[in-house]
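Okay, thanks everyone for coming. I'll put the structure up and then talk you through a few parts of it.

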Amino acid sequence: MTTRESINNLKYDPVVLLEGVAKSFVVGGKQLPILDEVSVRVGEGEFVSLIGPSGCGKSTLFNIICGLERPDRGRVVLAGNENLRAVDTVSYMPQKDLLLPWRTVLDNVILAREVAGDDREKARREAKELMSLFGLAGFEKSYPAELSGGMRQRAALMRTMLAHRNILLLDEPFGALDAITRTKMQQWLLEVWNRFRRAIFFITHDIEEAIFLSDRVYVLTPRPARVALHLNINLPRPRRYECVTAPDFLAIKKQIMQALTST
Amino acid sequence: MIFRLINRIPVTALGIMAVLLVLWEAGVHITGMPVWFLPPPSRVFTALVEMLPQLLDHSRYTLLAALTGLTAAVLVALVLAVVMAMSPRIRQGVYPLLVFSQTIPIITIAPLLIIWFGFGIMPKVVVVTLVCFFPVAVSMAEGMQAADADMVKLLQVMGASRWQTIKLILIPAALPSFFAGLKIAGTYAMMGAVIGEWLGASSGLGVFMTRASHAYQADSVFAAIMIISLISLLLFALIELISRLTIPWYYNERRK
């Protein structure tokens, strides 16, 4: 059992550090501010969630971390090194699984390794050993169209994991799944995370999901997004799904709901 | 596989064709149309049987020109599509030229091809290539443009180069569209070769047709037309087969 303490005192070096990040888009000739001075950080091996109303700019924030967009103001530092490029430290799992329909599951999960120019056979061997952890054993040669929704998301997560990056950005990965599959996937994600201990930055608009999974939670305001609330989730780990009805859990949930509705 | 093929034989289409042939046969007999003007299907069929060795011999040349030209067209089209995918600026420069090239009627530049390449197989191959590359190039280029933008973004975050993105995402994503274009090109290929032969050649179905029409042997002309259709149909089936073997994932997905 590991109990994680507050990292407000910066016990861990942040692998993601965003300081005063602001971004606006020009829509129909008008400046539309999306992010308003957002500051967040994710420590090494930490699980941090970002909750916010839909359309509040969560995905824009991820695009900035990935290097797909540049912030208008503010600082983005990855792995403590301002010169480090996102492609070397960040692995991104979008909301859609984006598995390539023309590749088998095995060849899909090694995609990032292939792009990096690694030996394909070596990557395949490594992937085969992990298939059962990701619940995909026996489906190595299947095509994505033959998989269920949950399996597709697991394959997408495996692809993200196998990229061997320190930071995983997961953008509402379970958003499209039914409630039961979703609950299973959350427990399973914690197991996977526990094994690999990579930093996970997780976007969701499901409050319970965020509390259940995370060490810390940031709550964003509606657009333009600011951090409305920043909470440590000091629930003991490993967590079982029953804990969503515990008084501590409900107290946190109430606090987050208030933050979401009062802004 | 065999059963699937049998199931897919278009019974209705064959039925309609049989009815049309019967009407044609009856029409010719009732109106007493001269055979040199419009031969009945029965006469065409006899001509086909009689001339078969000769027709097959000529077909070899035409088919060779068609296949060579089609292959060249595919290579040219693929190179063009990939080059256009490398950057939007190249695309903006090349695409209008491609469209413009199609406004030139091939038949009008054919005499030039004879001047440049003589009476051998080369001018026929060039005609086929000119006719066939456009549908393939356009379908490939459009297919690459239509690739999932989020997949491209994903590769970008993985640090992929433009060429890696083309190789891993754009080309595979465009293959279904590519094969659709190739089927169109496949049906043009025989026609292109025959037109090339009309303009001057010593052998080939086009030559056979020219000679037959000069001798008012309409039945032989029809027989040649039947051979051309048959070969075009086989080409189409061959492309369909290659397509099924190359992109099985696409057919599986479509079935669902």
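I'll start with a sheet in chain A and then move on to two pockets.

Before anything else, please keep in mind that this is a predicted model.

So, the sheet. In chain A you'll find an open sheet of three strands, with antiparallel pairing and the order 2-1-4. Strand 2 (30–43) and strand 4 (73–78) of chain A are the edge strands, and each of them pairs on one side only. On average, neighbouring strands here are turned by 20 degrees against each other, if you ignore direction.

Let me zoom in on one of those pairings. Strand 1 of chain A, residues 14–27, runs antiparallel to strand 4 of chain A, and five bridges join the two. If you want a spot to click on, try L17(A), which stands opposite V77(A) in strand 4 of chain A.

Now, what lies across strand 1, strand 2 and strand 4 of chain A? That's helix 1 of chain A, residues 58–66, and it runs at about 120 degrees to strand 1 of chain A.

On to the pockets. The largest pocket holds about 1,200 Å³ of space. It has 33 lining residues, and the closest to its centre are R8(B), I9(B), P10(B), L233(B) and A237(B). Several helices of chain B give two or more residues to that lining: helix 1 (2–7), helix 2 (11–31), helix 3 (41–86), helix 10 (218–246) and helix 11 (248–255). Which element gives the largest share of the lining? It's helix 10 of chain B, with 13 residues. As for the chemistry, the lining of the largest pocket splits into 25 nonpolar residues, six charged and two polar.

Then there's the second largest pocket, with a volume of about 460 Å³. Here 20 residues do the lining, and nearest the centre you have I64(A), G67(A), E69(A), R70(A) and A86(A). This lining draws on both chains: helix 1, strand 4 and helix 2 (86–89) of chain A each give two or more residues, and so does helix 7 (149–157) of chain B. Strand 4 of chain A, our edge strand from earlier, gives the largest share, five residues. By type, the lining of the second largest pocket has twelve nonpolar, five charged and three polar residues.

That's my tour, so over to you for questions.

How values were computed: Residues are numbered from 1 along each chain as its sequence is written. Chains are lettered from A and ligands numbered from 1 in the order in which they are written. This is a predicted model: local features need pLDDT of at least 70, side-chain atom pairs count only at pLDDT 80 or more; totals for chains, interfaces and linings use all residues. Side-chain values use heavy atoms; hydrogens and water are left out. Two strands pair if DSSP finds at least two bridges between them. Helices (H or I, at least four residues) and strands (E, at least two) are DSSP runs, numbered from the N terminus. Axes are lines fitted to C-alpha atoms, for helices over the stretch in contact, and angles run from 0 to 180 degrees between N-to-C directions. Contact means heavy atoms within 4.5 Å. On a 1 Å grid over the protein atoms alone, a cavity is a set of points where a 1.4 Å probe fits but cannot get out, and a pocket is an open set with protein on both sides within 12 Å along at least five of seven lines; lining residues have an atom within 4 Å of a point. Grid points are joined across faces, edges and corners, and a volume is the space filled by probe spheres set on the points. Ala, Val, Leu, Ile, Met, Phe, Trp, Tyr, Cys and Pro count as nonpolar, Asp, Glu, Lys and Arg as charged, and the others, Gly among them, as polar.
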